[in-house]
Amino acid sequence: MSTLTYTFYHLPNKEPVGLCNKIVQGYLLKWSMKKCLRINYYAFNQEFKLDDINQFALDFFRDNNVTNSLQASFNQFAGSNIARVQTKSIPCTVTSMAFFDKLLDPNNGIVCFSGTGDDGIHTIHQCMEVYKNGIYISNKLKMMLFEDECEEYFLYNEDERAEFMFRLLQHFSIGGQWCQDDVVVEPYLDAIKYIYKDLLSVEKIPESGMQVSSKMYQVVAFDSNDTVLFPKEIKSPISYSFAYLVVNPKSRTVALFFHNVGDKIYT
């Protein structure tokens with residue numbers, strides 16, 4: 001094994017305030033994600049360079065401090081078995097929930113609005129159920145998220161759909177193995193708002209306004225036989241499990257945001 005370039009230190013006292021919020025935990029229980037969706041924070045010892053992400057990710061999953069912290073929630077994990085880590089850069093340029101304004105516009109056919117002002121709710125339109133890539137789609141929100149042959153899908157262009165904020169909506173909509181769909185859109189957006197703040201650092205740039213300074217990567221760790229070791233895999237056409245590394249270069253901290261799909265319903 002090569003000498004590690006980066007060393008990591010678990011930050012157990014740093015709590016993901018949004019994820020731990022009781023309201024969010026209630027949503028996650030309904031979506032079959034409670035206790036399976038986690039955020040761990042770590043500090044690292046070297047300057048982060050964008051073109052060094054593959055080495056950074058490999059060192060991360062092989063680090064004993066990372067391994068020990070992950071074993072608390074995923075006891076099969078052994079960092080010494082990691083042979084390579086696949087990384088994919090994920091855009092996270094969105095800094096406002098206004099990103100979802102067109103989703104909330106009743107004229108676009110995804111939701112209908114009832115009530116007045118901030119007390120109103122956006123009910124998701126239901127539709128005839130279809131089956132697509134392992135997902136049962138029975139409402140217009142899921143149509144927009146996953147059915148690329150319907151009109152609703154094109155409400156967001158490809159660049160917008162690549163954004164981490166959009167991916168969060170997809171993840172929460174899929175949920176876990178026993179996910180119960182919400183009939184209104186507010187719980188999904190509330191959870192996104194809380195967890196987005198747990199993960200990303202924003203800074204004010206003169207003449208440019210607010211800008212995300214964090215770097216986001218989707219990660220998958222493999223052993224020497226190209227078997228996925230992290231995140232946890234199950235035999236299903238749906239990608240319930242996912243993992244992201246969120247690097248904050250200035251503070252030399254990194255968050256691991258992951259969902260290892262559970263094999264039981266938590267209460």
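Biologist: Does Ser241 count as buried or as exposed?

Modeller: This is a predicted model, in which local features need pLDDT of at least 70, side-chain atom pairs count only at pLDDT 80 or more, and totals for chains, interfaces and linings use all residues. Residues are numbered from 1 along each chain as its sequence is written, and side-chain values use heavy atoms, with hydrogens and water left out. Buried means under 20% relative accessible area, exposed over 50%, and partly exposed in between, with a 1.4 Å probe and protein chains only. Ser241 has 15% relative accessibility and therefore counts as buried.

Biologist: Where does Ser241 lie, and which residues is Ser241 in contact with, leaving aside neighbours within four places in sequence?

Modeller: Helices (H or I, at least four residues) and strands (E, at least two) are DSSP runs, numbered from the N terminus. Ser241 belongs to the loop between strand 11 and strand 12. Contact means heavy atoms within 4.5 Å. With neighbours within four places in sequence set aside, Ser241 is in contact with Pro231, Lys232, His259, Asn260 and Val261.

Biologist: Which backbone atoms does the side chain of Ser241 approach?

Modeller: A polar contact is a pair of N or O atoms within 3.5 Å; within protein, one must be able to donate a hydrogen and the other to accept it, and residues adjacent in sequence count only if both atoms are side-chain atoms. The side chain of Ser241 reaches the backbone nitrogen of Val261 at 3.0 Å. A polar atom of that side chain also lies 3.4 Å from the backbone oxygen of His259.

Biologist: What is the relative accessibility of His259, and what does its side chain reach?

Modeller: His259, placed in strand 13, counts as buried because its relative accessibility is 0%. The side chain of His259 reaches the backbone oxygen of Tyr240 at 2.8 Å. Not counting residues up to four places away in sequence, His259 touches residues including Ser32, Cys36, Gly175, Pro231 and Ser241.

Biologist: Which residues does the cis peptide bond join, and what is the general expectation for peptide bonds?

Modeller: Most peptide bonds are trans, and most residues other than glycine have a negative phi. Here a cis peptide bond, with omega about 0 degrees, joins Phe230 and Pro231. Pro231 lies in the loop between strand 11 and strand 12. Glu233 is also in the loop between strand 11 (228-230) and strand 12 (242-248), and counts as exposed because its relative accessibility is 56%. The C-alpha atoms of Glu233 and Val261 are separated by 7.8 Å, although these residues are 28 residues apart along the chain.

Biologist: Where are Asn133 and Arg252, and what is the sign of phi in each?

Modeller: Asn133, in the loop between strand 6 (126-132) and strand 7 (135-139), has a positive phi of about 50 degrees although it is not a glycine. Asn133 is exposed because its relative accessible area is 60%. Arg252, in the loop between strand 12 and strand 13 (253-259), has a positive phi near 55 degrees and is likewise a residue other than glycine. At 35% relative accessibility, Arg252 counts as partly exposed.

Biologist: Which residues of helix 2 are buried, and where do they fall around its axis?

Modeller: In helix 2 (residues 22-30), the buried residues are Val24, Gln25, Tyr27 and Leu28. Seen down the helix axis, these buried residues fall within an arc of 155 degrees, so they line one face of helix 2; the arc is that of the directions from the axis to the C-beta atoms. Their cover includes helix 1 (17-20), strand 2 (37-44), helix 8 (164-174) and helix 9 (186-199). At the N-terminal end, Asn21 caps helix 2, with a side-chain oxygen 2.8 Å from the backbone nitrogen of Ile23. Ser32, which follows helix 2, has a positive phi near 60 degrees.

Biologist: How many residues of helix 8 are buried?

Modeller: In helix 8, 11 of the 11 residues are buried, so this helix is largely enclosed by the rest of the structure. Among them are Arg167, Gln170 and His171. Just after helix 8, Gly175 takes a positive phi of about 65 degrees.

Biologist: At what angle do the axes of helix 3 and helix 4 cross?

Modeller: Axes are lines fitted to C-alpha atoms, for helices over the stretch in contact, and angles run from 0 to 180 degrees between N-to-C directions. The axes of helix 3 (residues 53-62) and helix 4 (residues 64-71) come within 5 Å and cross at roughly 60 degrees. The two helices are therefore oblique to each other; angles under 35 degrees count as roughly parallel, over 145 as roughly antiparallel, 65 to 115 as roughly perpendicular and the rest as oblique. Phe60, Phe61 and Arg62 of helix 3 make the contact with Asn64, Val66, Thr67 and Leu70 of helix 4.
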